Amino acid sequence: RGGFKNMFGEEQCRNTSRGEADCARNKEFRIEFEKSERKVNETAIKEWEDYERMIKGMEMDEELELREKTRHILPPDWRTNTRWQEKLRACCMCGMLKTQDMWLDYGCDNCPFLLPPGSKDTDRIEGATTSLWSGLWSVCAEPEDLAVSNVVRDKFPNGLHTASKLPAKGVYCLGFFRALNPHLQTELRRRGIDPSPLLWNKESAQLLNYSYDAEAPLSDEEDS
C-alpha cells in the first residue's frame, strides 16, 4: 500500500480503509442531499404553481365581476377586439354608445321610454340609434361628482330624462349626425316628450337644427 515516514523518520504504513469508508459515506450523503434538494425544489415549484393558479383564479373572478358590472355598458370583446368601437351605435337623444345586441338586450339607460330593455325591436333600434357619430368619452363617476362636473353640464345643458337629470354610467360619443326617425319623433311628442337631442355638440346642432318643440301641434302629415 506504500508507506511514509513520520516526524521521527519511522516508517509508517498508509491505511486507506478509513478513507474508503469515508468515501462511501460521503457518496451516500451526496445522494441523500441531492434527493432532499430535489424534493425541496419540487415542493417549491408546486407551491409556486399553486400560487399562480390562485392568482389566475382571482383574476378570473375579478374579470367575471367586472364583466357582470359592465355588460350593459361595454361589449364583451372590448378587451380583445381592437375594432370594437366600429360596432357601436349612438342613441339619437343622449349619445350613449352600445352595440346593436346591447341595445336590444339592455336598451338605453338614459332614455328607456325610447329604447326599453329587452324590446328586441330591431326596426326601433335602427330608427333611434345611428352609426354616424364621432369622438368618444365615458361617464364613470358617482352622481355626487357628476352633479358638479363642468363637462357633464356642457355636454347636457338641459339635463336628461332621468330622475337625477344626470347621465348614466357608460360610453358616449361627442356628437352624432342623424336625428330620430320621424315616426319616433311623432310618438314622443304625443307622449309629451321633446325629441330634441340632449347631447350638445355644435356641429350636430348645426346639422340637425335643434328646433323641435314638444308643445307644437302635430301637422296633418305627422298626425296621419
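Biologist: Which residue does Arg191 form a salt bridge with?
Modeller: That's Glu187, and the closest N and O atoms are 3.0 Å apart. Bear in mind that this is a predicted model.

Biologist: How exposed is Arg191?
Modeller: Arg191 has a relative accessible area of 45%, so it goes down as partly exposed. Arg191, Glu187 and Arg124 are joined into one network by salt bridges that share partners.

Biologist: OK, so what's the N to O distance between Glu187 and Arg124?
Modeller: Their side chains meet at 2.7 Å, N to O. That pair links distant parts of the chain: Glu187 sits in helix α6 (residues 182-190) and Arg124 in helix α3, 63 residues apart.

Biologist: And is Arg124 buried or exposed?
Modeller: Arg124 counts as buried, because its relative accessibility is 16% and the cut-off for buried is under 20%. Glu187 comes out at 25%, so it is partly exposed.

Biologist: How many salt bridges does the count come to?
Modeller: Seven salt bridges. One of them is between the side chains of Arg89 and Glu126, at 3.5 Å from N to O. Arg89 is in strand β3 and Glu126 is in helix α3 (residues 122-128), so this salt bridge ties together parts that are 37 residues apart in sequence.

Biologist: Which of those two counts as buried, and which as partly exposed?
Modeller: Arg89 is the buried one, at 12% relative accessibility. Glu126 is partly exposed, with a relative accessible area of 35%.

Biologist: Let's switch to the sheet. What's the strand order?
Modeller: β4-β3-β5, in an open sheet of three strands with antiparallel pairing. The edge strands are β4 and β5 (129-130), and each of those pairs on one side only.

Biologist: Over how many bridges do β3 and β5 pair?
Modeller: Two bridges, in the antiparallel sense, with β3 covering residues 88-91. If you want a position to click on, the bridge partner of Cys91 is Thr129 in β5.

Biologist: What about the other edge, where does Thr99 lie?
Modeller: Thr99 lies in strand β4, which runs over residues 97-99. At 9% relative accessibility, Thr99 counts as buried.

Biologist: What does Thr99 touch?
Modeller: Leaving out residues up to four places away in sequence, Thr99 touches Pro75, Lys87 and Leu88.

Biologist: Changing topic to the surface. Which residues form the nonpolar patch with Met58?
Modeller: Trp48, Tyr51 and Met54 join Met58 there, and together the four have about 450 Å² of accessible area.

Biologist: Where does Met58 lie, and how accessible is it?
Modeller: Met58 is in helix α1, which spans residues 17-70. Met58 counts as partly exposed because its relative accessibility is 42%.

Biologist: Zooming out, how many helices and strands are there in the protein?
Modeller: Eight helices and nine strands. Of the protein's 224 residues, 32% count as buried.

Biologist: How much accessible surface does the protein have?
Modeller: About 14,900 Å², and 53% of that belongs to carbon and sulfur atoms.

Biologist: Last one, on contacts: what share joins residues at least 24 apart?
Modeller: It's 59%, taken among contacts between residues at least 6 apart in sequence.

Definitions and conventions
Residues numbered from 1 in each chain as written. Predicted model: local features only at pLDDT ≥ 70, side-chain atom pairs only at ≥ 80, totals over all residues. Heavy atoms only, no water. Patch = residues over 30% accessible without salt bridge, like charges linked within 9 Å, V, L, I, M, F, W, Y side chains within 5 Å. Areas by Shrake-Rupley, 256 points an atom, 1.4 Å probe, with all protein chains shown as cover. Helix = DSSP H or I, 4+ residues; strand = E, 2+ residues; numbered from the N terminus. Buried < 20%, exposed > 50% of the residue type's maximum accessible area, 1.4 Å probe, protein only. Contact = heavy atoms within 4.5 Å. Pairing = 2+ DSSP bridges.
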